[in-house]
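Please open the structure in your viewer and keep the selection panel at hand. Each stop on this tour says what to select next and then what can be found there.

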Amino acid sequence: MVPVAPSGSATTTLAITGMTCAKGCASKIHRSLQALEGVSLATVDFQTVTACVRGNVLPADLIACVQGAGPTGKFNAVELHQAESVCL
């Protein structure tokens, strides 16, 4: 079965590894997620090492975006939760 993006806007929370600073790493991941087609809102929290993304995007695409935000192997992400809720 091929994964299908949610028909409506959903909120996906990701756990991120590899962030070493808020200003550089978290900002770079935030800009990359926010620029992804289908994303309406992205927040990255350095303290909790999570990202909250609202939009019509597959979690696998969000993870690939995080992985591509830095040098190969620098950042990684796993999906923690997906729901019809709002990023804070």
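Begin by selecting Phe46, which sits in the loop between β2 and β3. This is a predicted model, and in it Phe46 is partly exposed, with a relative accessible area of 30%. Leaving aside residues up to four places away in sequence, Phe46 touches Met19, Thr20, Cys21, Ala22 and Ala26. Now add Ser27 to the selection: its C-alpha atom is separated from that of Phe46 by 9.2 Å, although the two residues are 19 apart along the chain.

Next, select the two strands on either side of that loop. β2 and β3 form a hairpin with 4 residues between them, and in the turn Val49 has a positive phi of about 45 degrees. The two strands pair in the antiparallel sense over 6 bridges, and if you pick out Leu41, you will find that its bridge partner in β3 is Arg54.

Keep Arg54 displayed and add Thr11, a residue of strand β1. The side chains of Thr11 and Arg54 make a polar contact at 3.1 Å. Is Thr11 buried or exposed? Thr11 counts as buried because its relative accessibility is 3%, which falls under the 20% cut-off.

Turn now to helix α1, which has 14 residues and reaches 19 Å from its first C-alpha to its last, close to the 20 Å expected at 1.5 Å a residue. Colour Cys25, Ala26, Ile29 and Leu33, the residues that are buried in this helix. Looking down the axis of α1, you will see the buried residues fall within an arc of 85 degrees, so they line one face of the helix. On the other side of α1, select Lys23, Arg31 and Ala35, which are exposed. The buried residues of α1 pack against β1, β2, β3 and α2.

The last selection is helix α2, residues 59-68, where Pro59, Leu62, Ile63, Cys65 and Val66 are buried. Why do these residues lie on the same side of α2? They cover an arc of only 160 degrees around the axis, and therefore share that side of the helix. Ala60 and Gly68, by contrast, are exposed residues on the face turned away from the buried side of α2. To finish, display what surrounds the buried residues of α2: they pack against β1 (10-17), α1 (22-35), β2 (39-45), β3 (50-55) and β4 (76-83).

Methods:
Residues numbered from 1 in each chain as written. Predicted model: local features only at pLDDT ≥ 70, side-chain atom pairs only at ≥ 80, totals over all residues. Heavy atoms only, no water. Buried < 20%, exposed > 50% of the residue type's maximum accessible area, 1.4 Å probe, protein only. Arc of directions from axis to C-beta. Contact = heavy atoms within 4.5 Å. Expected span 1.5 Å × (residues − 1). Pairing = 2+ DSSP bridges. Polar contact = N/O pair within 3.5 Å; in protein donor to acceptor, adjacent residues only side chain to side chain.
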